[in-house]
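Thanks for making time this morning. I would like to talk you through one structure, slowly, and I will keep to what can be read from the atoms.

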Amino acid sequence: MTEYIMEYVGSSVMPIWIDEEKCTGCHRCVEACQTDILLPVNGKGKAPAVVYPGECWYCGACVMECPSENAIHLRHPLMNRARFIPLEELGQKGREV
Ligand code: SF4
Ligand code: SF4
């Protein structure tokens, strides 16, 4: 049995959220993550812990590898979700803002 010793590292972002109801604890996401953010600290069959959220690259590998639909969610930072529109496309209304 592998033992893990780690400390949670605080972060202002929480990029990964795992729905423990849907997660089967297969830990394929743990293997997929290149930055080792996810660790199987709760043992086999349990959802992994997100231990270093601030190190996430938002690559989506963990989500793509997960066999359980909607078990793992990637929440991009607000800035990445913004859609920039040229002022010309906004017309007069955009110029008034
Ligand atoms: S999005 Fe990428 S870097 Fe972030 S936890 Fe998933 S696999 Fe790791
Ligand atoms: S790959 Fe999906 S089902 Fe498997 S441990 Fe990760 S979140 Fe849970």
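I will take the two ligand shells to begin with, then the nonpolar core, and then two backbone angles. Please keep in mind throughout that this is a predicted model.

Around ligand 1 there are 15 residues, of which C33, C56, C59, A61 and C62 come nearest, and by class that shell holds 13 nonpolar and 2 polar residues, with no charged ones. Ligand 2 is likewise surrounded by 15 residues, the closest being C23, C26, C29, C66 and I72, but here the shell divides into 9 nonpolar, 4 polar and 2 charged residues.

Some of these names return when we turn to the core. The largest nonpolar core has 13 residues, and the members that touch the most others are I16, C29, I37, L38, C62 and I72. If we follow I16 and set aside its neighbours within four places in sequence, we find it in contact with I37, V50, P53, C56, C62, I72 and L74. As a general remark, nonpolar side chains in soluble globular proteins tend to be buried together.

Now to the backbone, where most residues other than glycine have a negative phi. D36, in the loop between α1 (28-32) and β2 (38-39), has a positive phi, near 55°. Y58, which is not a glycine either, has a positive phi of about 60° and lies in the loop between β3 (49-50) and α2 (61-65).

Are these two residues, D36 and Y58, buried or exposed? D36 has 11 other C-beta atoms within 10 Å, and therefore counts as exposed; Y58 has 12, and so is exposed as well, since the cut-off is 12 or fewer.

Terms used: Residues numbered from 1 in each chain as written. Chains lettered and ligands numbered in written order. Predicted model: local features only at pLDDT ≥ 70, side-chain atom pairs only at ≥ 80, totals over all residues. Near = placed C-beta within 6 Å. Nonpolar A, V, L, I, M, F, W, Y, C, P; charged D, E, K, R; others polar. Core = buried A, V, L, I, M, F, W, Y, C linked by C-beta atoms within 7 Å. Buried ≥ 20, exposed ≤ 12 C-beta atoms within 10 Å, placed from the backbone. Contact = placed C-beta atoms within 7 Å. Helix = DSSP H or I, 4+ residues; strand = E, 2+ residues; numbered from the N terminus.
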